[in-house]
Each structure stands twice: as structure tokens, then as C-alpha cells.
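Visitor: I should like to learn how to read the main features of a protein model. May we work through one together?

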Amino acid sequence: MISENKPNTVETVTVSAAEWRAALVGVINRDCPEDEAERSLDELSRLLDTAGGETVVRLLQAKESPDPRTYIGSGKVEELATLCEQNDVGLIVFDTELSPSQIRNLEEGLGDCRVIDRSMLILDIFALHAKTGEGKLQVELAQLKYTAPRLIGRGTELSRLGGGIGTRGPGESQLERDRRHLKRRIAALEDALDELERNRRTMRAARERSGVTKIAIVGYTNAGKSTLLNRLTDAGILAEDKLFATLDPTTRKYSLPSGEQVLLTDTVGFIRRLPHHLIKAFRSTLDEAACADILLILLDASDPECNEQLAVTEQLLRDLGAAGKPTLYVFNKCDREAPEGFVPPAMLRDGAVCRISAKTGEGIDGLVEQIESFVMAGRRRLTFVIPNAEAGALTKLYQNANVESVDYGPENITAVAVADAKTAGMLRRYLGEDSYGQSEDEDE
């Protein structure tokens, strides 16, 4: 570990042989103090484990500003090369985003070691876990957009054509042909995803018309979102104790004890410094949170970084335009021992909070009660009497409320629906006599 008296130290971890033996590299500076840098490397190690690799060496350097050529400086590159040779390391992962020239300079200074950065590792994990056609297209698009500016030719295989009869002129390099091919492929992927996005918008519009409340389960990666959806709905989706085990959103119907139906959606997990291209490529699926009526933010109560993960989650929700929605905070994994000294943020101590274990089922009944109170807040079961000549009002009722029953009489249509104050006011003229008291109480 790095101490104040010894700013540059190396921690070597003894592990068994693995498919990838890797060194993790981070930097301590004013924006990233020692404890935060250590936690970030811990998370990077978990990402590497998810990708199938294994951490052999951890290196942290106190450096106020990154070296423009190698990020860590030439002296540290030599030290890292020695460590990699001593520990049979073939992969080096930097806990930051490297420029194309930095990757090239590092690989030249580190011999046979391959160099990647945090974004490249996350993209690799997404590629590993993408299952659906849309997920695979999204990952490929993000990878290509990240890779395209990093195509740097080395050696004669990417050089221009030589001189001589029939070969004069600028010619075309392999690098240029690769870039042109990538540009065409990116355009094709964007067109395909635009079509899928139009289909997704159509499905969302249908959900809007149904009047069913939409609840998005959001949170940091590996907080237990998929396990919770499986617990509530028997969705049968993959739930593993790994980062980004779920990439494709899954929506299932769930019936509350009152009989009211809601739609629960398991979403892609969040993480620190989620690559920009990944956010853009997965925008259509991340928008499930923005389109939800209620947010259920799941937190891993056993993780010592629970508060920091909540801050990351809420910032990403703001970036997606999903802030300000009714929110229920759920501390999951309460069957495990809580971190020593953990204190929930002040905003959560008296708010809409519950503690559960999605794995064992502990606290699930209380969670369901909380969800039902959120869904039914401001909503009442009302009777609407609509003259047959004005049957179009029934369409509005279907679009804005949960219609439970409809009775077509000789003169009127009688519909029973669970509606909010806005819908009740819009269709006030059709309210039955037994509904006026409820509607007036609600307006007050």
C-alpha cells in the first residue's frame, strides 16, 4: 500500500496461474487521493475477474499530472516492465482512459505485454455478456467508436505505397482503408439500432396507453437487481455475483396484493466512469429508467462503498433525465454483515427506505407494501358513466387509467377504473354519483 512517507509502492498479490495474468495501474493525485485510488483499483480488479483475468500485480504512483507520453513516466514504465517479467504478466490494465499515443508508447516500453485501459476492459465485459441481437449491436457500436480513433499504424504493413512506375502518388494506407471500413460499419450499426429504437418506442407507447404503472429497478452493477426481479416475478433471468451480468433490460408484469398490476424492469447496472460511447450506444435501454413512473434504487448494504455507489447512480440518473421521479431506496443483501461504521446518507434515514435480502426473501413483503403505497398514492377506484354517443371518452380513460371493468348498457357505458387526480378531473363530467366524494377529497 502507499503511505504518506512512501508515495510510490507496489503490492504484489500471490495467485494461482490464470488465463490472463494482469497488472493493474493507477495514479494518486489531488483529484484521486490514496484511499479513493485503492478503492478504484479494487473495483478494477473485480472487473478483470469478471472478464476472466486475474490480478497479479497492483501498482499505484503518486503523480500530480499524467505524463503525456506514457501516463506514468518513463522511470515507472521501466519498473513496471521488470515487475511484469518477474511475475509472468501478459496484460496491463490502467485505471483511466489512455490516449492512442500513450497505448503505443507503453506497449513499446513494456515489450510483449498488452496494454488496455478501464474503458476497454468494460467494453470487453459487455461483449462477453451481450446475449440479444440488440445488445450485441450496441456493444459492437461502442467498441468501434472507441477503437476508430485509436487505430495507429506501426510497421510497414500500414505504410503507404512505394515509388516507381505504376506506384507513384500518395496511394492509400492500410490504416486509411481500415478507418473507412469502420466508418461504414458504424453507420450500418447506427441505422440498425435506430430501427430497434423505433420498435422500443412503439412498445413504450403501448405501455403508456395501458395505464399500467412502470417501475424501473436501477442501481450500481451487482447490487442484486436481477435477483430481485426473479424473486418477485420468477423471471428466470441470469443473476450472477459478477459485474454487468445483465445487459439487456427485462420487463415483467407483477400483481400487487390489491390486484393492481405493475411493470417491473431490470436495467443495466451503473459504474464509475462508464465509457461515454457505451452510454450513447445503450441509450435506448438506459432510457427505461427515464420512461419509468417510479424508480426503485437498489443498494448493496454489504458494500463499504454503498454511499459512493448511490452518488454515482443518482448522478447517472440526472444525466439520463430521470431525476425527480418518485423514488424508493432499497438496501439489499441485508443477510450479510453490514460494513463497520456504515451510516446511510441523511436523506435516506427518514425517507422511503426498506431493507431486504432478494436472495433469501427477507423483507420482501415490506417492500411490496411500499411499492403498493407508491403506486396507489393519489389514485382512487372510480366509476365513470359515459353516454354511448360519447364513447370516445372511454378511449381517453384507457389511455390514462387502469380500467378494471366495462359494462355496455343501452344508453351508457359504465367503467370502473383506478385513476389519478388529473384523469379524474379531465373526465369529471362522467363520474358516477358514488365517485364524487372520493374525487373531491383527492382534489383537496
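The dialogue below treats the chain as a whole, then helices, sheets and single residues.

Visitor: What does the secondary structure of the protein chain come to?

Guide: Please note that this is a predicted model. The protein chain has 15 helices and 14 strands. Of its 444 residues, 48% count as buried. Among contacts with a separation of 6 or more, 69% join residues 24 or more positions apart.

Visitor: How many Å should the twelve residues of helix α4 span, and what is the distance between its end C-alpha atoms?

Guide: Helix α4, residues 118–129, should span 16 Å at 1.5 Å a residue, and its end C-alpha atoms lie 17 Å apart, which agrees. The buried residues of α4 are R118, S119, L121, I122, L123, I125, F126 and H129.

Visitor: How is the packing of two helices described?

Guide: Two packed helices are described by the angle between their axes and by the distance between those axes. In this model, helix α1 (residues 34–51) packs with α4 at an angle of about 35 degrees, the axes being 9 Å apart. The crossing of α1 and α4 is left-handed. On the α1 side, S40, E43, L44, L47, L48, T50 and A51 make the contact, and on the α4 side R118, L121, I122, D124, I125, L128 and H129 do so. By class, this contact of α1 with α4 comprises eight nonpolar, three polar and three charged residues.

Visitor: Through what do the strands of a sheet pair?

Guide: Strands pair through backbone hydrogen bonds, in either a parallel or an antiparallel sense. An open sheet of six strands in this model follows the order β7-β8-β6-β9-β10-β11, and its pairing is mixed.

Visitor: Which strands stand at the edges of that six-stranded sheet?

Guide: The edge strands are β7 (250–255) and β11 (353–355); each has a single partner strand, so one side of each is left without a neighbour in the sheet. From one strand to the next, the twist averages 25 degrees.

Visitor: Where does the mixed pairing show itself?

Guide: Strand β9 (residues 294–300) pairs with strand β10 (residues 327–332) in the parallel sense over six bridges, and L295 has T327 of β10 as its bridge partner. By contrast, β7 and β8 pair in the antiparallel sense, over six bridges. There, the bridge partner of T251 is T265 in β8. The hairpin of β7 and β8 has five residues between the strands, and G259 in this hairpin takes a positive phi near 100 degrees.

Visitor: Which strands does helix α10 lie across, and which does helix α12?

Guide: Helix α10 (residues 306–319) lies across β6 (213–219), β9 and β10, and runs at about 155 degrees to β9. Helix α12 (residues 364–376) lies across β6, β7, β8 (261–266), β9, β10 and β11, and runs at about 170 degrees to β10.

Visitor: What is the strand order of the open sheet of three strands?

Guide: The order is β12-β14-β13, with antiparallel pairing. Strands β12 (379–387) and β13 (402–408) stand at the edges, each with a single partner strand, so one side of each lacks a neighbour in the sheet. The twist here averages 15 degrees from one strand to the next. Nine bridges join β12 to strand β14 (residues 412–420), the two running antiparallel. I386 has I413 of β14 as its bridge partner. Helix α13 (residues 392–400) packs on this sheet, where it touches β12, β13 and β14, and its direction makes about 155 degrees with that of β13.

Visitor: Let us turn to single residues. What is the sign of phi in N222, and where is the residue placed?

Guide: N222 has a positive phi of about 70 degrees although it is not a glycine. N222 lies in the loop between β6 and α7 (225–233). K333 likewise is a residue other than glycine with a positive phi, near 60 degrees. K333 is found in the loop between β10 and α11 (346–349).

Visitor: Are N222 and K333 buried or exposed?

Guide: Buried means under 20% relative accessible area. N222, at 12%, is therefore buried, and K333, at 10%, counts as buried too.

Visitor: Where is E288 placed, and is E288 buried or exposed?

Guide: E288 is in helix α9 (residues 283–290). With 7% relative accessibility, E288 counts as buried. The C-alpha atoms of E288 and A322 are separated by 9.3 Å, while the two residues are 34 residues apart along the chain.

Note on methods: Residues are numbered from 1 along each chain as its sequence is written. This is a predicted model: local features need pLDDT of at least 70, side-chain atom pairs count only at pLDDT 80 or more; totals for chains, interfaces and linings use all residues. Side-chain values use heavy atoms; hydrogens and water are left out. Helices (H or I, at least four residues) and strands (E, at least two) are DSSP runs, numbered from the N terminus. Buried means under 20% relative accessible area, exposed over 50%, partly exposed in between (1.4 Å probe, protein chains only). The expected span of a helix is 1.5 Å times one less than its number of residues. Axes are lines fitted to C-alpha atoms, for helices over the stretch in contact, and angles run from 0 to 180 degrees between N-to-C directions. A crossing is left-handed if the near helix is turned anticlockwise from the far one by less than a right angle, and right-handed if clockwise. Contact means heavy atoms within 4.5 Å. Ala, Val, Leu, Ile, Met, Phe, Trp, Tyr, Cys and Pro count as nonpolar, Asp, Glu, Lys and Arg as charged, and the others, Gly among them, as polar. Two strands pair if DSSP finds at least two bridges between them.
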